[in-house]
Amino acid sequence: MQDSGTEPGWLLSEADLGLIDALQINPRASWVEVGAATGTDPVTAARRWQRLTASGEAWTTVALGRRQMNAMNMAFLEIDCAAGAAVEVADALAAAGHLITVQHVAADHDLFVIAVAASMPALADYLLTGLPRVPGVTKVRVHLATRVFDASRRWRLRVLPPAVANALARRPETAEPARLMDETDRRLFKALLADGRTGYAELAGIVGVSERTVQRRLSRLAATDDIDFRCDLARRHAGWHSSAVLWLRMPDGLLEETGRALLGWPETRTCAALAGARNMLLTVGLHGVGDLHPLVVRLEERFPHVNVTDRQIVLRQSKLYGRRLDPEGRCTGVVPIDPWDLTPHT
């Protein structure tokens with residue numbers, strides 16, 4: 001990736017933030033639509049986006065939708081590393097397609113990692129035999145998700161006025177019967193990971209089907225909540241300089257209500273119910289480290305039934321949903337997400 005010239009601590013311009021916000025609302029919107037939303041001509045909008053993606057400041061991709069995420073097997077991992085080995089271990093884990101996020105945390109362990117697999121036997125095999133053999137890994141604590149609350153597609157910069165955002169927003173697709181993603185669906189998903197705006201003609205060439213088939217399948221996959229498109233950015237350059245992982249405990253009967261309510265918080269990034277005494281995980285974005293304590297206070301006041309058992313500041317994100325990141329949070333490469341590739345040894 002080329003260097004953007006952005007110095008640490010600098011923020012993206014208002015024009016850039018508006019463009020990114022527009023693509024967070026509708027990642028596959030036409031440049032005519034984006035230009036209208038941001039008050040610029042389509043050519044300028046496209047050129048500005050090309051600059052942002054070339055510098056690694058922003059990108060679009062495809063994500064597993066809510067239905068697929070809850071059909072998958074997801075685990076949140078706390079990993080201890082040998083002294084001085086955390087960076088090397090993080091680099092090694094970031095290369096794995098089934099490990100979608102890798103973060104260094106200030107905690108009693110070194111790394112926080114999110115793993116996804118299509119089957120429990122495959123995930124168990126990796127956790128019990130594969131991961132412990134990674135050089136530098138000394139201990140792994142596993143927390144299995146029982147319910148994933150969808151937050152990633154809801155989070156956005158909120159730069160554009162509500163009326164503009166509503167006009168740009170994607171319209172609900174016509175409901176279609178849900179079915180398992182087949183091999184063609186999976187190839188489409190993988191082809192979109194590097195660039196969620198890849199056109200139908202190019203996708204058709206990659207996958208080996210007609211443009212009409214690509215369009216029909218993507219419409220169905222979006223309508224059934226199997227896939228979703230997202231736009232992300234180097235968050236530090238948008239004023240989100242920190243993030244944290246919170247471990248919560250509450251009565252099981254209140255998990256659903258609490259998880260759904262937390263989706264409305266602008267800080268929420270990931271929220272999931274867990275199979276354990278700490279039965280909910282919440283990751284949040286923060287404008288600064290000092291925002292953590294007020295957020296915890298607000299959390300406990302809004303949800304008196306919640307006990308925050310632990311909280312950990314993220315020191316660095318090495319990988320975020322399939323994107324390798326530099327210390328400033330800029331994208332330096334893509335590791336295609338592939339939960340189907342992880343298979344148990346026989």
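A salt bridge is counted here where a side-chain nitrogen of Lys or Arg lies within 4 Å of a carboxyl oxygen of Asp or Glu. By this rule, the predicted model holds 19 salt bridges.

One of them joins the side chains of arginine 66 and aspartate 225, with 2.9 Å from N to O. Arginine 66 belongs to helix 4 (residues 66–71), while aspartate 225 sits in the loop between helix 10 (211–223) and strand 6 (227–233), so this pair ties together parts that are 159 residues apart in sequence. Arginine 66 is partly exposed, at 32% relative accessible area, whereas aspartate 225 is buried, at 10%.

Arginine 217 is a helpful residue to look at next, as it has two partners to follow. Its side chain meets that of aspartate 182 in a salt bridge of 2.9 Å, N to O, and it also pairs with aspartate 185, the closest N and O atoms being 2.7 Å apart. The second pair links helix 10, home of arginine 217, to helix 8, home of aspartate 185, across 32 residues. Arginine 217 counts as buried, at 15% relative accessibility, and so does aspartate 185, at 0%; aspartate 182 is partly exposed, at 25%. Elsewhere, Glu78, Asp80, Arg141 and Arg278 form a network of salt bridges.

Turning to the nonpolar interior, the largest core has 37 residues, and Met74, Phe76, Phe112, Phe189 and Ile227 have the most contacts inside it. Helix 8 (residues 183–193) gives the largest share of this core, five residues. Beyond its neighbours within four places in sequence, phenylalanine 189 is in contact with Val62, Ala63, Leu64, Met181, Ile227, Ile337 and Trp340. Another core, of 24 residues, lies apart from the largest one and includes Cys81, Leu111, Leu131 and Val134.

Key: Residues are numbered from 1 along each chain as its sequence is written. This is a predicted model: local features need pLDDT of at least 70, side-chain atom pairs count only at pLDDT 80 or more; totals for chains, interfaces and linings use all residues. Side-chain values use heavy atoms; hydrogens and water are left out. A nonpolar core is a set of buried Ala, Val, Leu, Ile, Met, Phe, Trp, Tyr and Cys residues joined through side-chain atoms within 4.5 Å. Buried means under 20% relative accessible area, exposed over 50%, partly exposed in between (1.4 Å probe, protein chains only). Helices (H or I, at least four residues) and strands (E, at least two) are DSSP runs, numbered from the N terminus. Contact means heavy atoms within 4.5 Å.
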